[in-house]
Amino acid sequence: MTDASRTDTTSSTGDYRTDDFRTAARATAELVSDYLDELPGRPVWQPMDPAERQSLLELELPEHGADLAELLKVIAERVMPAPMGNGNPRFFGWVNSAPQPAGVLATLAASAMNPSSAGGDHADVHLERAVVRWIAELVGFPHPAGAGLLTSGTSMATIVCLAAARGRAARRIGWDVREQGLSGLPPLVGYVTGETHSCVRKAAELLGLGSRHLRTVATDADGHLDLAALRAAIAEDRAAGRLPFLVVASAGTVGTGAVDPFDPIADLCAEEELWLHVDGAYGAFGALDPVIAHRYAGMDRADSLALDPHKWLGVPVDCGCALVRDPEELRSTFSLVPSYLRDEAAGALGWFSEYGTEQTRPFRSLKVWASIAHRGRAGVAADIARCTELARTLGELVAADPELELVTPVETSIVAFRYRPAGIDEKRLDTVNKELPVAVQLRGRVFVTGALHRGREMLRACLLNAATTEADLRLLLEEVRSAGAELTARRGTE
């Protein structure tokens with residue numbers, strides 16, 4: 001295309017000339033590249049300037065449009081200087097990864113195409129089937145054609161999987177929950193632990209099961225589901241006329257990274273005819289690390305697995321995945337094809353919109369494909385193994401430090417620990433540990449978050465960034481000790 005012809009071309013979405021877009025796109029690439037390059041040298045996180053925060057909150061709807069260069073200036077000066085911090089190798093908070101560079105690039109291309117990935121014969125649909133299969137292969141989960149789809153995250157994937165479990169349980173006693181609803185059914189009971197992610201309770205509430213029928217069973221001291229307690233709870237519910245139908249096991253709890261014993265849980269579920277769902281949002285990809293792969297034995301026996309490529313794989317948010325053993329369980333739960341969406345050429349699998357709740361679906365598969373293809377299986381496995389190795393190193397550093405306490409053994413890439421200097425009573429220690437995460441965050445050098453384990457406040461460092469170094473780990477502990485000492489001294493004077 002000549003320069004002259006390009007000058008006369010306008011986009012289909014506004015009055016901007018193609019040359020304007022090219023110029024802005026190149027400037028955006030430079031802005032994003034500079035941002036990623038500069039991250040390690042910046043504070044991990046700092047509170048926003050109150051005036052700047054308020055100005056964003058009070059932005060007025062513009063009457064007239066701004067040109068692309070002006071929009072990019074606002075992004076550069078008012079948005080990107082105030083990140084969450086998760087791109088930094090010293091970010092250890094929650095379970096938020098740095099974006100995979102290949103996924104960043106693919107996101108722009110997917111946005112330019114902007115299809116609906118509900119179905120039809122276009123690249124995104126076929127690519128999604130491929131990358132869902134890739135994800136299943138990475139974690140060793142069986143994958144018949146059609147037995148999974150990408151979602152906004154594991155929260156939505158959990159809703160999809162639990163809806164399928166609910167439907168199967170109802171059909172087994174001659175009930176069509178899609179037509180007849182839940183009224184008239186005996187209470188359907190699911191089993192979780194106190195370490196189970198909150199998205200499972202949200203799913204149970206949204207699906208009409210009721211949180212009172214999501215029973216919390218005991219765990220051992222390190223947070224693993226207790227088989228004897230589970231068996232006793234099932235027997236009690238059956239005796240009371242309730243209908244047990246679901247067990248949720250974890251492939252890495254968000255608090256401590258504990259992995260439940262899948263094989264014995266799967267044996268019990270087979271014996272009791274219960275649906276076994278595995279919450280693998282964060283930890284399922286740990287199966288790729290040969291050092292800890294044994295912990296995942298039996299995960300492939302689950303009826304469903306929910307996991308997040310936007311966590312350990314670094315795929316840009318949002319991207320979760322629901323995998324099921326039997327694709328018909330999903331299709332029978334969700335398929336609804338009005339006349340205006342009929343597609344005689346769709347083939348035996350039909351449309352993705354028949355397997356979940358979304359009709360218009362974003363093009364998520366391109367960033368998944370790019371993120372995995374850029375590293376390959378070997379690269380992905382090496383990144384994960386690096387993170388688990390760092391976590392074990394951090395655990396050793398904590399265990400060797402007289403002012404710190406390791407709360408549970410390190411199983412995946414989460415390290416749960418407490419600040420515990422000598423001579424401080426438990427009540428005061430709990431208060432200090434509760435306040436410590438924010439105190440550390442405000443310093444800007446590292447970022448860590450907290451949680452409760454067996455009623456005690458703790459810190460939990462989640463390692464998802466293979467660029468993190470041992471020096472970063474030592475800095476984390478230095479900051480925890482320093483902030484802890486300040487909090488302890490302050491509490492001592494109150």
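**Salt bridges, a helix and some empty space**

I'll start with one residue: glutamate 205 is partly exposed, at 38% relative accessibility. On this scale buried is under 20% relative accessible area, exposed is over 50%, and partly exposed is in between, using a 1.4 Å probe and protein chains only. The model is predicted, with residues numbered from 1 along each chain as its sequence is written, and local features need pLDDT of at least 70. Side-chain atom pairs count only at pLDDT 80 or more, while totals for chains, interfaces and linings use all residues, and side-chain values use heavy atoms, leaving out hydrogens and water.

Back to glutamate 205. Which residue does its side chain meet in a salt bridge? The partner is arginine 201, at 2.7 Å from N to O. By salt bridge I mean a side-chain nitrogen of Lys or Arg within 4 Å of a carboxyl oxygen of Asp or Glu. Arginine 201 is also partly exposed, with a relative accessible area of 48%. The two residues are four apart in helix H9, residues 198-206, so about one helical turn separates them. Helices (H or I, at least four residues) and strands (E, at least two) are DSSP runs, numbered from the N terminus.

In total, the structure holds 32 salt bridges. Another one joins the side chains of arginine 364 and glutamate 358, at 3.2 Å from N to O. Here arginine 364 is buried, with 2% relative accessibility, whereas glutamate 358 is partly exposed at 23%.

A third salt bridge has arginine 418 and glutamate 405, with their closest N and O atoms 3.4 Å apart. This pair links distant parts of the chain: arginine 418 is in strand E9 (residues 414-419) and glutamate 405 is in strand E8 (residues 404-406), 13 residues apart. Arginine 418 counts as buried, at 0% relative accessibility. Both residues belong to a network of salt bridges that also links Arg420, Glu426, Asp430 and Arg456.

Next, one helix. Which residues of H11, residues 262-272, are buried? They are Phe262, Ile265, Ala266, Leu268, Cys269 and Glu272. They sit on the same side of H11, because they cover an arc of only 160° around the axis. That arc is taken from the directions between the helix axis and the C-beta atoms. On the other side of H11, Ala270 and Glu271 are exposed. The buried residues of H11 pack against helix H10 (227-239), strand E4 (243-250) and strand E5 (275-280), where contact means heavy atoms within 4.5 Å. Just after H11, glutamate 273 has a positive phi of about 60°.

Now the empty space. On a 1 Å grid over the protein atoms alone, a cavity is a set of points where a 1.4 Å probe fits but cannot get out; a pocket is an open set with protein on both sides within 12 Å along at least five of seven lines; and lining residues have an atom within 4 Å of a point. Points are joined across faces, edges and corners, and a volume is the space filled by probe spheres set on them.

How many cavities of 30 Å³ or more does the structure hold? There are four. The largest cavity contains about 110 Å³, and among the residues lining it are Glu195, His197, Asp279, Tyr282 and Lys311. The second largest has about 50 Å³. Its lining includes Leu149, Met156 and Glu358, the last of these being the partner of arginine 364 in the salt bridge I described. Strand E1 (148-151) and helix H7 (154-172) each supply at least two residues of this lining, and E1 has the largest share, with three.

Last, the pockets. The largest has a volume of about 1,200 Å³. It is lined by 38 residues, and nearest its centre lie Thr28, Val32, Met80, Val104 and Thr107. Helices H2 (18-38), H4 (68-79) and H5 (101-113) are the elements giving two or more residues to that lining, and H2 gives the most, with 10. By class, the lining has 27 nonpolar, nine polar and two charged residues. Ala, Val, Leu, Ile, Met, Phe, Trp, Tyr, Cys and Pro count as nonpolar, Asp, Glu, Lys and Arg as charged, and the others, Gly among them, as polar.

The second largest pocket has about 530 Å³ of space. Of its 23 lining residues, Ala98, Pro99, Gln100, Pro101 and Asn465 are the closest to its centre. Helix H13, residues 365-399, gives the most to this lining, with six residues.
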